[in-house]
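Open the model in your viewer and keep the sequence panel beside it. The stops below go from one selection to the next.

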Amino acid sequence: MQTIPERSYSREDWLKGYQSQPQEYDYPITSIQGTIPSELQGTLFRNGPGLLDINGIPIRHPFDGDGMISAISFNNGTAHFRSAFVKTEGYLAEQKTGKILYRGVFGTQKPGGWLNNIFDLKLKNIANTNIIYWGGKLLALWEAASPYRLDPRTLETLGLDYLDGILQPGDAFAAHPRIDPRCELDDGKPCLVNFAIKPGLSTKILVYELSFEGKLLRRYEHITPGFAFIHDFAITPNYCIFFQNAVTYNPVPFLLGLKGAGECVNFQAGKPTKIILIPRQPPHLDVRVLEVNAGFVFHHANAFEEGNTICLDSICYQSLPQIDPSSSYQGVDFDTLDPGQLWRFRLDLTTQQVNSELLESRCCEFPTLNSDLVGRSYRYVYMGAAHNQTGNAPLQAIVKVDLVTGDRLLCSFAPKGFVGEPIFIPKPKATREDDGWLITIVYNAKRHASDVVILDATNLATVAGLELKHHIPYGLHGSWTPRLF
Ligand code: CO
C-alpha cells in the first residue's frame, strides 16, 4: 500500500491565494532579499484572474475571473511593479453595475437561476490567460476571443486588437502562441505560431504564423471530426502538433442555462487521444493523425524531430473530474484527484506507432524551457511542482528535470509558499542551455502577499526575493521581453 505523505500545506493558506485583488498598483519594489542581478534587464508580464468575485458574489471557477496584468520591470539591479485589469467590455459593465452580467465558460452564472441564463450564449472575453509582447504590441490573450491590446508602459487598455486585419471581429486567437526562434521557412528569422479553434460537430483548427513585425506569413487550417478541446499545442520546424483529447460535449445543459459550456465537456477516460500533425510547409496538406492513450493534456512542454520520429513532452492527467455544478473549486479535495505528470511521446511517422514514457511522476504543471530551443532537442525542463514526490497537491516548488541524465533539482517554498509558472531568462552571452534565471511569483501565505522570486536556473539557488506589498491571485501564463518598459 502506498503511504500518503504528510501534507505540505494547509487548505486555509492555499485558499487565501484565491482572494480577489481589486486594487491596481504602481511602485518601485524596495523590500528585496538578496540582490537583483544587474545584467537582468527587461520586463516580465504575467496574466491571471484578478477578481474571484463580482461585488462579493463569488464566481464559480478561477478560469472565469477577469484578467489582471502584472508587469515587473528590471533595470540595473532595481525592480518596478505595476498592475492593471484588462478593461474589457465585460469588466467595465460588471464593475459599473456591480452585478454578474455574463455567464462564464466554467460555470459562473448570472443570478436568477436557469430561467435567467437559458439560451444566453454570450460569453465574456475575460482576456485572462496569457500576455505577450509581439509585433510591437502588448496583447492579453484568452482562447475563445480576439486579443486585447494594452500600452506596455502604463498597462492602459487600448481595446480589442485584430492584428492589423489578420483577424476579423469575433475571431479567436489561442492563449498559447509558440515562438519558433529560427524559422527555416523565413531565412532563420523568429516567427510566432498560434492557432484558433472553431468548434462544431467537426472542429476547425486554424494556424497563424506571424513575423517579428506582426505580419501574416502563413495561415492554414485543418478540420478534424468531432468536438475538440485544445488549449495548447507544440511546434517543430516542420509540424504543428495538436492533442485532440478524448472528450464528448453535450451542449444541452449549457443551452438550458443549467451549466457553463466548460462543464458540459465529458472526459472519456481510457479512450485514445488523437495526435494531429499539420505540416508547417506549404501547402500544409499531408496531415498525419496518430493515436495514443495519454489521459488528458492541457499543456505541452516542447517537441522536437529526430529523423522520422517526433518527441513530444506533455503534462498528462490520467483522469479529469467532471466539473460538478453543485460544488466550488474552493472545496476541491486534492487527494482524490490525479496529479499532472510529465510524459514523453515518441511519434514514429514511418510506422505510425506512438511510444509513451513517464519522465516525472511528481505532480507538476506549467512546463517551460529556454525559449531558444522551442521545437528543438533540449535538455532541461522547468515546472511548477508539488513539494512531495507522490500524491496530488498545490504547486509549492520549482522542479528542474535533466532529460538526458534524469537528474532533478527542487526548490520548495512549502509550507507557506505556492508557486506559479516559472519563466526562463537567459543570461547575456550565455553558452550553456541552463545559464540563466527562473522567475516565478510565489504567494506567501505568511504575509498574505506575493513574492517575485529569482532563481539561478543552473542550481535552483535563490538569487533574490522581491516582496510585493500585496498579493496577486494565482496566475496563469506570462512572458518575458528584453524590452524595458
Ligand atoms: Co495554459
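Begin by selecting strand S9 and strand S10 (residues 148–150): the two run antiparallel and are joined by 3 bridges. This is a predicted model. Within this pairing, Leu 139 lies opposite Arg 149 of S10. The two strands make a hairpin, and 6 residues separate S9 from S10.

Now keep S9 alone, residues 137–141. Are its residues buried or exposed? The strand is mostly covered, with 5 of its 5 residues buried. Turn the view to see both faces of S9: Lys 137, Leu 139 and Leu 141 point one way, Leu 138 and Ala 140 point the other way, and all are buried.

Add strand S8 next, residues 130–134. S8 pairs with S9 over 5 bridges, in the antiparallel sense. To find the register, select Tyr 133, which stands opposite Leu 138 in S9. S8 and S9 also form a hairpin, here with 2 residues between the strands. Gly 135 sits in that turn and has a positive phi of about 60°.

S8 leads to the next stop, the second largest pocket, since its lining includes at least two residues from this strand. The other strands that each supply at least two lining residues are S12 (178–183), S22 (296–306), S26 (364–368), S31 (423–426) and S35 (478–481). The pocket holds about 1300 Å³ of space. To centre the view on it, select Ile 179, Ser 371, Phe 424, Ser 479 and Trp 480, which are the closest to the pocket centre among its 43 lining residues. Colour the lining by class and the count is 22 nonpolar, 14 polar and 7 charged residues.

The last stop is the cobalt ion. Which residues coordinate the cobalt ion? Select His 176, His 231, His 299 and His 477: each coordinates through NE2, at 2.0 to 2.1 Å. The arrangement is irregular because the angles subtended by the 4 donor atoms run from 92 to 158°. Along the chain, the donors follow the spacing H-x54-H-x67-H-x177-H. His 176 and His 477 link distant parts of the chain, being 301 residues apart. Look for His 176 in the loop between strand S11 (157–160) and S12, and for His 477 in the loop between strand S34 (462–467) and S35. Both His 176 and His 477 are buried.

Conventions: Residues numbered from 1 in each chain as written. Predicted model: local features only at pLDDT ≥ 70, side-chain atom pairs only at ≥ 80, totals over all residues. Heavy atoms only, no water. 1 Å grid on protein atoms, 1.4 Å probe; cavity = no way out; pocket = protein on both sides within 12 Å on 5 of 7 lines; lining within 4 Å. Points joined across faces, edges and corners; volume = space filled by probe spheres on them. Helix = DSSP H or I, 4+ residues; strand = E, 2+ residues; numbered from the N terminus. Nonpolar A, V, L, I, M, F, W, Y, C, P; charged D, E, K, R; others polar. Buried < 20%, exposed > 50% of the residue type's maximum accessible area, 1.4 Å probe, protein only. Pairing = 2+ DSSP bridges. Donors = N, O, S within 2.8 Å, 3.2 Å for Na, K, Ca; no water. Tetrahedral: all angles 85-135°; square planar, octahedral: opposite > 155°, others 65-115°.
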